[in-house]
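Let us question this model term by term. Each answer sets a value against its definition.

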Amino acid sequence: MSDTCKKVYITTPIYYVNDVPHIGHAYTTIIADTLARYSRMAGMDVFFLTGTDEHGQKIEQAAKARGKSPQEYADEISDRFKQLWDEFEISYDKFIRTTDADHMKGVQKAFEVMYNNGDIYKDVYRGHYCVSCETFFTETQLVDDEFCPECGRSTTIVEEESYFFRLSKYQDKLLEWYESHPESILPKSKRNEVINFVKNGLDDLSITRTSFDWGVKLPESINDPKHVMYVWLDALMNYVTALGYGDDEARMDYWPAKVHLIGKDILRFHAIYWPAFLMSLGLELPQHVAAHGWWTRNGEKMSKSKGNVVNPKEIADAYGLENFRYFMLREVPFGQDGDFSQRALIDRINSDLGNDLGNLLNRIIGMSGKYFDFNVKSDGIKTYHADELAEVNAILANVEEYLYEIQTNRYLEELWKTLRIANKAIDTGMPWTKMKEGKEDEAMATIALVANILAKVAVLLHPFMPKTTQKLAKALGFEVNHESYVKLIKNNELLETFTIEKIPPLFPRIEEQLLETPAVKEEKKEEKKIKKQEAKKENKSEESGVNLITIDQFFQTQLKVGTVIEAEEVPKSKKLLKLQVDLGEEKPRQIIAGIKEWYSPEDLKNTQVCVVANLKPAKLMGMVSEGMLLAAKDDEGLCLIRPEKPRKPGSAIG
Ligand code: MSP
């Protein structure tokens, strides 16, 4: 992703108002904010958009459940998002709401254009609809003929008159676009998924509903008042209505978007529907659609019902907003899922920020004060540290590319490489020895080198940690802005002569016990539970305070040998396989096992496994599971426990 255009348009998804903001929303927004801040610092004219997605049946139902009108309810939750982004100092230029009059006008205009050019026609739609995902599915996509492949909830059959968008007409054009624009979808691995999906064939898309009211009406010229627009058509259009499309067109010169940041769950809408709509409207296509992974908690999807949703405000309040920003963008490679844990967050703060960055500044403050009354001159660097300086400059010359590919973790890793060079320069240069030997110039050169590396890092880290890096820069006698960016990064210049200011530590060590937020308490409780379970497993002695079980208790669990006679993947599930296991009973047992990451159906067919045979049946993705497989898991993955020699199906283990 190169910055060829001076105008840069960056967007987040617009968030549904059926839920309050959580860490997943904060992640998308923080990435977008960081890119926007970087682009502004680099001198580009940035327009950064976020907002809320307020129409559709889901919102109508959520409002009803609370005894509110959809508008009242949308106002309330939209405000929660806006407030959070304001508290998080998100540098958005516009907060759009799909209930804004000018947005709705723009959507109607777009519908009219697509209708007039023959891309929209009227027909009857019959399909399986998931209210929660606001999506229709074909029969083959459903799990067990009924359940939504995305969320596992029950779908309903809907038959209604509908307007359709000729998506099928755009299949080849879309494929051409992906082919000719290798960076259209980021990370690049996601592009192949999209290409395969499109190659399988695209059906025309139903884009209006008559079964509910809460949506944008069709344009008056079409005169069909019982229809409202499909929420995804309405929502996607926000990216151009925010620039004035269909209204005053005030900011349309920001189009096309440099990047639409989204989560991987909504890639299909952004990488297929959206470009097809744009082609139909005769508008240019975005430069990049960038899809990040999913944040989980202890490996599980976050949801209100599980009570494991991480509240971003609570985390930012407890650990510092900018530390939280750094953690999110450093911890997970873009596009991959990441598990949120406060332990990992504390480690990043204490180690990367406190030890690597903060201590380096403290060392420089200490030494420059002690030896040179805080006054530093850079003119000896080229004599004594030319190699280190060249190495640092070479690393930093290439980091921008990582950011534009949204590989924020790689970008930060590169910055940290320069901090290691700085630390090493002190350890080998030993300014304290040089001072004793009367080699003041050499000591000064080492201190100046390190201060200059810190200055460059302050600039490049600024979009991630805006206030902290200004404090760091101030301690080094400068301010981070476009001018210092050009001087220190683009032109590889040095801070020539400057005075260091003593400031309090930037990253005081976080002692865990000080943070007793509800989330920490919950995590500790969870950890305790896990430890207890592990201790039980290891069967520690009674003296150590761990419960031992009796042989009778052990035999309450019926363990049996089984033979896998059928194995297949559960459609749309990343983890699950559906097995039919012969336990010597009348009928094989159906077992839904979360082992797809490690085993394919072929690996399992006609092999033996060990099964917990007297578990209460449970439902997973709408399918009954009548047992559990025994397996062992460590850092290298999971493996099944199997009998050493074949045994009759149903043989007891114990
Ligand atoms: N309203 C649609 C987007 C329309 S854009 C034209 C929507 N809204 S959402 O509120 O459900 O999700 C918004 C974003 O939050 C998505 O990009 C989604 O991927 C992200 N996240 C929601 N939960 C998440 C996690 N647990 N982890 C990471 N991001 C996830 O979809």
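Q: How far apart do the C-alpha centres of domain 1 and domain 3 lie?
A: They lie 53 Å apart. The model is predicted: local features need pLDDT of at least 70, side-chain atom pairs count only at pLDDT 80 or more, and totals for chains, interfaces and linings use all residues. Residues are numbered from 1 along each chain as its sequence is written, and side-chain values use heavy atoms, with hydrogens and water left out.

Q: What makes a stretch of the chain a domain here, and which stretches are given?
A: The bounds come from an automatic or database domain assignment. That assignment gives domain 1 (321-499), domain 2 (515-544) and domain 3 (552-653).

Q: How many residues surround the ligand, and what puts a residue on that list?
A: The number is 22. A residue is near a molecule if one of its heavy atoms lies within 4 Å of it. The closest are Ile14, Asp53, Gly263, Asp265 and Trp295.

Q: What makes the pair between the ligand and Gly263 a polar contact?
A: A polar contact is a pair of N or O atoms within 3.5 Å; within protein, one must be able to donate a hydrogen and the other to accept it, and residues adjacent in sequence count only if both atoms are side-chain atoms. A ligand oxygen is 2.8 Å from a polar backbone atom of Gly263, so the pair qualifies. A polar backbone atom of Tyr16 is 3.1 Å from a ligand oxygen. For His25 an N or O atom of the side chain is involved, at 3.3 Å from a ligand oxygen.

Q: How much of the ligand's area does the protein bury?
A: The protein buries 94% of the 660 Å² that the ligand exposes when taken alone. Accessible areas come from the Shrake-Rupley method with a 1.4 Å probe.

Q: Which elements give two or more residues to the shell around the ligand?
A: They are β1 (7-16), α1 (23-41), α7 (231-236), α8 (238-241) and β11 (259-263). Helices (H or I, at least four residues) and strands (E, at least two) are DSSP runs, numbered from the N terminus. β1 gives the most, with four residues.

Q: How does the shell divide by residue class, and what sets the classes?
A: There are 12 nonpolar residues, eight polar and two charged. Ala, Val, Leu, Ile, Met, Phe, Trp, Tyr, Cys and Pro count as nonpolar; Asp, Glu, Lys and Arg count as charged; the others, Gly among them, are polar.

Q: Why are β4 and β6 called paired?
A: Two strands pair if DSSP finds at least two bridges between them. β4 (residues 120-130) and β6 (residues 156-165) have 10, in the antiparallel sense. One partner pair is Tyr129 and Thr156.

Q: Which strands stand at the edges of the sheet β5-β4-β6-β8?
A: This open sheet of four strands has antiparallel pairing. Its edge strands are β5 (135-137) and β8, each pairing on one side only. Three bridges join β4 to β5, where Cys130 stands opposite Thr135. Two bridges link β6 to β8 (residues 205-206), where Phe164 stands opposite Ser206.

Q: Why is one side of β14 and of β15 left without a neighbour in the sheet?
A: The open three-strand sheet has the order β14-β13-β15, with mixed pairing. β14 (300-301) and β15 (338-339) are at its edges, each with a single partner strand, so one side of each has no neighbour in the sheet. β13 (residues 295-297) and β15 run parallel, joined by two bridges.

Q: How do you know that the span of α16 agrees with its residue count?
A: The expected span is 1.5 Å times one less than the number of residues. For the 22 residues of α16 (408-429) that gives 32 Å, and the end C-alpha atoms are 32 Å apart, so the two agree. Met430 follows, with a positive phi near 40°.

Q: What makes Glu89, Pro187 and Pro256 worth listing?
A: Most residues other than glycine have a negative phi, and most peptide bonds are trans. Glu89 has a positive phi of about 50°. A cis peptide bond joins Leu186 and Pro187, with omega about -10°. Another cis bond joins Trp255 and Pro256, with omega about 5°. Pro256 lies in the loop between α8 and β11.
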